[in-house]
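Reader: I am new to this structure. Could you take a close look at one part of it for me, the strands and how they pair?

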Amino acid sequence: MDLLRYVDRDMEPTSREFYRRLGEERAIFGLRCRHCGKLNLPPRRHCACGSQSQQWERRTGGGRVHAFTTQAGAFRFAEPQVIGLIDLDGGGRLFGVLNAAVGELAIGIPVTLDLVEVEGTVLLGFRPLSEGD
Ligand SMILES: [Zn+2]
């Protein structure tokens, strides 16, 4: 299946570095602006203040469900089909797979990083936090 090749292709350098760190360090990294202190996550090459001086900063991977939905098997995700937006602890909002049944999810519940690997490509994923976490 070549459906995921686009992840590695034509990606701008900041996004490429984000996914490299995600895959190799199994962690979410944002960019912290050295000028104004803002955390840019998703990372962006230029901070909103105009500065390009930023440094990578590891995040906990924890957050809360902002929104979620389901989709039929499609271009980006063969499975699972539950996806959503996560408000990360300490700032930032990312889109990813939710490794849970829809019935387990609710707006605002805590989640933790749970990466999805499809044919060697690591994608953002989260699962609901359980008692043992
Ligand atoms: Zn800034």
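Author: What follows is a walk through the strand pairing, with a short stop at a helix on the way.

This is a predicted model. Start with the open sheet. It has 3 strands, in the order 2-1-3, and the pairing is antiparallel. Which strands stand at the edges? They are strand 2, residues 39-40, and strand 3, residues 54-58. Each has a single partner strand, so one side of each is left without a neighbour in the sheet.

Now look at one pairing in that sheet. Strand 1 covers residues 29-33. It runs antiparallel to strand 2, and 2 bridges join them. To find the spot, go to L31, which stands opposite N40 in strand 2.

Step back along the chain to helix 1. This helix spans residues 13-25, so to speak 13 residues in all. From first C-alpha to last it reaches 17 Å, close to the 18 Å expected at 1.5 Å a residue. Just after the helix comes R26, with a positive phi of about 55°.

Next, turn to strand 4, residues 63-70. Strand 5, residues 82-88, runs antiparallel to strand 4. How many bridges join the two? There are 7. One pair to look for is T70 with its bridge partner V82 in strand 5.

Strand 4 also pairs with strand 7, residues 110-113. This pairing is antiparallel too, over 2 bridges. Here R64 stands opposite P110 in strand 7.

One last point helps when you view any of these strands. In a regular strand the side chains alternate between the two faces of the sheet.

Conventions:
Residues numbered from 1 in each chain as written. Predicted model: local features only at pLDDT ≥ 70, side-chain atom pairs only at ≥ 80, totals over all residues. Helix = DSSP H or I, 4+ residues; strand = E, 2+ residues; numbered from the N terminus. Expected span 1.5 Å × (residues − 1). Pairing = 2+ DSSP bridges.
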